[in-house]
Structures are given as structure tokens and as C-alpha cells.
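Reader: Could you take me through one part of this model up close? I'd like to know what sits around a few polar side chains, and then how that fits with the chain as a whole.

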Amino acid sequence: MMYRLLFAIIVVTSLVSAVTAQDYHSYSNPAAVRVRHVDLDWDVVFEQKILKGSATLTIERISPNEPLILDTRDLKIDKVETSADGARYEVGTFKLGESDKFLGAPLTIPLPPKATRVRIHYSTSPGASGLQWLDPAQTAGKKSPFLFTQSEAIHARSWIPLQDSPGVRVTYAAHVRTPRNLLAVMSAENLSGPARDGDYRFRMDQPIPSYLIALAVGDLQFQSLGPRTGVYAEPHTIALAARELSDTEKMVVATEHLYGPYRWGRYDILILPPSFPYGGMENPRLTFATPTMLAGDKSLVSLIAHELAHSWSGNLVTNATWRDFWLNEGFTTYLERRILEAVYGRSREEMEAALGLRDLKEEIVSLDDRDEILHIDLKGRDPDDGSTDIPYEKGALFLRHLEETFGRARFDQFLKSYFNHFAFQSITTDQFEDYLKQNLLNKNPALAAKVPVDEWINKPGIPASAPTPSSPAFAKVQEQAHLWLESKIKPAQMPVAKWTTQEWLHFLQTVQTVLRSPGSVPESLDSAAQSMGALDRAFHFTRSGNSEIAFQWLLMSIRNRYEPAYPRLEEFLMTIGRRKFIKPLYEELAKTPEGKARALAIYRRARPTYHPIAVTSIDDVLKWPGE
Ligand SMILES: [Zn+2]
């Protein structure tokens, strides 16, 4: 009885929180009718670039007279049916509302009194914002087409009619038919076994928010990395990927040690073709990752630490609305660095944290005050606009402040109990604050007085008492950069043999900051561009195969008009679609008339190969006139 009573209290609490968390980015009405499970059934039609099939939603009726309201974007709805438990499906009515630029269109389905299931027969549109269809030429292997989804933030509605709010969690099952010889994978347990017959079944029994439903189809191979870890990639990439990701199992073990058990069964990674617009996407059981992280020396695996960390912060405890996005990303960025420290040592953590702080300070210069707030107001805006360094780096710095103030042991214990307490729930910033007060601040009032929690969460900028992560290794790099800039040493005299990617990035950023002020180039060189030439001759940055170093170098090349790097810049923009890289490069180009003309010429050719999410961003940067 005790258990039953407890259960009832938990149900009531979660309903109340669902009602109070208003999601401005969903038309749905989960407080009245709540979707609990989704059965998906599709044909993947590459010729038409569409998914065609049905979604069957199992619903819970809370207010019996209310209709079901779903989110959609550019879906073609053929037919809607409803059914009471176990009974035959009857054709029902529906109304597709007007489409909003950001939100898509509401699909309203009146419900017969006993209806508990709703089946929607539909197909997606070829331009669906959450799907990218790649021609064989856009893949690594060049032989087979490829499809992948990206649902976060509100793109699930462009391929599934559902309550597309992170406050609504569902379990799902799927039956996917593809051309024979292609493999389908999802953010779920694969029930089909290894046969490649074009007929695949999946099941996700743990309730997840809609933005974590994911599908990819392509010529994929699998390689095991450990007892519960592995990697999928195109045949061309699989060996490189498996070498680069060989520490994955170690990372899972390290994270469990810090924050409690990994609760999702397997942890696999899918390496996508280069047009994937993000670094990684934390789809449960199956992280989607950019191939630009495969540097050959494991120097960019912080990305995997990040996506893995989301298995706790984000997937297990989820932001209830996109206003609360920092609960996902700030926590995850903090956890990412803790994982790196556990696996690769404190020095690596210090370097990553110092780079993060630098990026944050640089970005804050150009942000409006309203966009510097962790608990950001995104009403009337595209939630993807909130994806700046604020939720990631400012959020992580806030948690670091708590850690440094309360001590690591106490803070780790707090985080562990936080993940347990809110496991498989979607929570608001207010809920986090309450929990923080009750379980950390109020228990240690003298220490709590040192952390301006309200300022961290609700005010722009960085509080004056914020920690300043620093790296002794970086101090040495900085010294070398200055010696060279002051003409005291030649590039060949720098002790670079053991420099890591992070040290090189810091070196370049230091040089860039100095070059920006006039009259600051080494004496023997006339211009910033000449200085870059000297570095390039010594260190071959233009030819770097490391995507982060190449990106930093190309950005500097635009700023300093270093023309020998221009062909590489064009090649980079033509082959990589990761928004983190291409958006700043186009922004930098667009600052001068000649640069803008060059940007438009490149973009005209690159645009058809970019993901719809990247296209939206770059169209905006270049005020793309359309053609
Ligand atoms: Zn993340």
C-alpha cells in the first residue's frame, strides 16, 4: 500500500509540473490529452525523398472532452483513424491549422468518448526540416544514398505528427522498410538481428522526449568497441572511426563511477556523412556524430564525452521546455569536462575549460542582454536561436562555481542524487532551483551566500565571482606566441613537438588576438597576412586535417586577408556542413563587400549539400536572396 500511495503522489506531482511548464514551441495540449506511446510504420522512399506510412499514438485522456492537438510541419495527412482499446479502427475527422514559420501547423483530432488510440496515415515532404536525404555523391562511399534525422529542437514534427514538446515523454516502437542492402538504425533497441533485408524493427521502452527519436539509413557497417559499446559508419570510415573511438567503453565506466549507472543498455555511436549540421546529437543508445571529430589522434573526442554525458543530463533528466535548455547543455558541458579529466587527466580538463571560457567571453561581446540569460525567454522565436555558448559554457561555469564553493565531494553527491531524483522526468529551471536550495544551498548557508544563484540564472553577463579556469600548459604556449610576435624567436625555435590540438588552438587564438591590433606583427614582417605566411611555412596550418585547427586558421585567414588559404577555405565550406564551423566562416566573410561576394559564390554551390538547419542559419547570415 505504501508503494501504491507513493506512486500516486509521484503521478500527481508529475502532472502538476507538466501543467505549469508552458511550452511556447508546441501547439499540443498534454495537460488534457497526453501521448504515452508511439508506433511508427514507414517506407523509406529515396526516389521521392519521403517517409510514407503511419504513426499510431496511444493516449491518456485527462480532460475527456478535449480533442488531441499535435504538432506537424509540412506533413501530408492522408487519413486519421481512432480506436478504443482493442476495438476496430474507425475513420475520424481532423483539421490541419495554419502554418507558422517556426512552429509549423497544429493538427486537431476530435476524439470519440472511448478512444485511446489514434492512427495518422501520412507522408513527409522532400524538404522536411528534420530529415536530410543525401545523394550517393554526398556520402563517403559515393555509392548509396543516405538518410538521417535531426529532431532537436522542434524538427520531430516535420517527420512524425506528435506532441513535440520536451515536456512530453513517450516510449516508441518502429517498423521501417528500406531498399535492400541498406541498414536502418534508430535511437532504440534493434530487434532485427544482423540481417540486411530492408525490413527492420525497433523498440524504445524507456520514455523519452520527442526530440530524441532518431533514424538513419545508409550503407552502414558496425564494429564493436566494448561489451556494450560500438560504432556504425560507412565502410570507408569504419576502421578510422573504431580506432578514434576506442576509449568509449572507458568513458562510460568513468561516467558511471561519477554519476551512477548508465541506464540505456547499449551505447553506440553513428558516424554520419560530413553534412551533419551538428558536432553530435545525443540520441539515446545511439549518439549521432560528425566525421569532423575523427582527427586521427583522439584529440577531439571531447565530443563523445559530451554526447555520452547527455545519457544523464538531457536524456535521463530533460529540460521541460526550450527555455530550460541550459539544464541539458550546461550540465552536459560540465560533465563532459569531468569525464575528460577522469580518462585523460586534469591538464586536458583545464585546457578544455579555458578554451570554453574564452569562446564564451568572445561570444558575449556580440550577444544582446536578453540572450545572455540562462533561463532565456524564447517566446515567438526559433528555439534554435537559443543555441549559443550561454546555455553550454555559462551553464557549465555556474556548476563549476557550485563545485568549487561547496567542494567536489559534496557537489558530486548532489549531482548523483539529482539524476536519481529526476530520472526519466522533464523538469523546469524552477524545479532545479528548488531542488538546489533544498539539497545543497540551505544545508550550507555560509557557502551558499558566496554563489549569486539568481544572478547566474536570471541576469545577463558573467557574475564577477565566477571561476576562471586556467591552464598552466596554455601559459607556456602563450609565452611562445608572444616571444615570436616580439621577434625574439623564430617559429622553428618553438618547442611544439608535444603540443596537443588544444595547445595549438590556444596558440592560434593568442596570435589572432595580438594581430588584431595594428603595428603588432613581428618586426621582420610587414603585415598580418605575412605573419600568417611565416607560421604556415613552419607549421602547415592551411593543410591541417584537424577540423578544429583548420577552422581556426581559416577564420584568421579571412580576418587577415591571407590569400594562400582561400582555396582551402572554399574546399572546407564545400565539403563540411557542421554549423559550428561554417556559420562563423560565412559571418566573417560577410563583413567586407569582397568577402561577401566570395561567400555568395561559394554558398550558391554549397547550399544544396547543406542540411536544412544549416541552410536556415546561413541564409540568414548572407541575407540569401534565393534564386
Ligand atoms: Zn549537448
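Author: Here's a walk around three residues, followed by the chain they belong to. One thing up front: this is a predicted model, where local features need pLDDT of at least 70, side-chain atom pairs count only at pLDDT 80 or more, and totals for chains, interfaces and linings use all residues. Residues are numbered from 1 along each chain as its sequence is written, and side-chain values use heavy atoms, with hydrogens and water left out.

Let's start with Ser-313, which lies in the loop between α4 and β21 (317-319). Helices (H or I, at least four residues) and strands (E, at least two) are DSSP runs, numbered from the N terminus. Ser-313 is buried, at 1% relative accessible area; buried means under 20%, exposed over 50%, and partly exposed in between, with a 1.4 Å probe and protein chains only. Its side chain makes a polar contact of 2.7 Å with the side chain of Thr-332. By polar contact I mean a pair of N or O atoms within 3.5 Å; within protein, one must be able to donate a hydrogen and the other to accept it, and residues adjacent in sequence count only if both atoms are side-chain atoms. Leaving out residues up to four places away in sequence, Ser-313 also touches Asn-328, Phe-331, Leu-335 and Phe-419, among others; contact here means heavy atoms within 4.5 Å.

Now go back to α4 itself (residues 302-309), where you'll find Ser-302. Ser-302 is buried too, at 14% relative accessibility. Beyond its neighbours within four places in sequence, Ser-302 is in contact with Glu-336, Leu-340, Arg-348 and Glu-352. Arg-337 is 35 residues from Ser-302 in sequence, yet their C-alpha atoms are 7.7 Å apart.

Further along is Asn-560, in the loop between α15 (547-559) and α16 (566-575). Asn-560 counts as buried, with 12% relative accessible area. The Asn-560 side chain has a polar contact of 3.2 Å with the side chain of Gln-512. Residues touching Asn-560, again skipping those up to four places away, include Leu-515, Ala-528, Ala-529 and Met-532.

Zooming out, the chain has 19 helices and 22 strands. Its radius of gyration is 25 Å, close to the 25 Å that the globule rule gives for 627 residues, so the chain is as compact as a globular protein of that length. That radius is taken over C-alpha atoms, and the rule is 2.2 Å times the number of residues to the power 0.38. Of those 627 residues, 60% count as buried. As for contacts between residues at least 6 apart in sequence, 72% join residues at least 24 apart.
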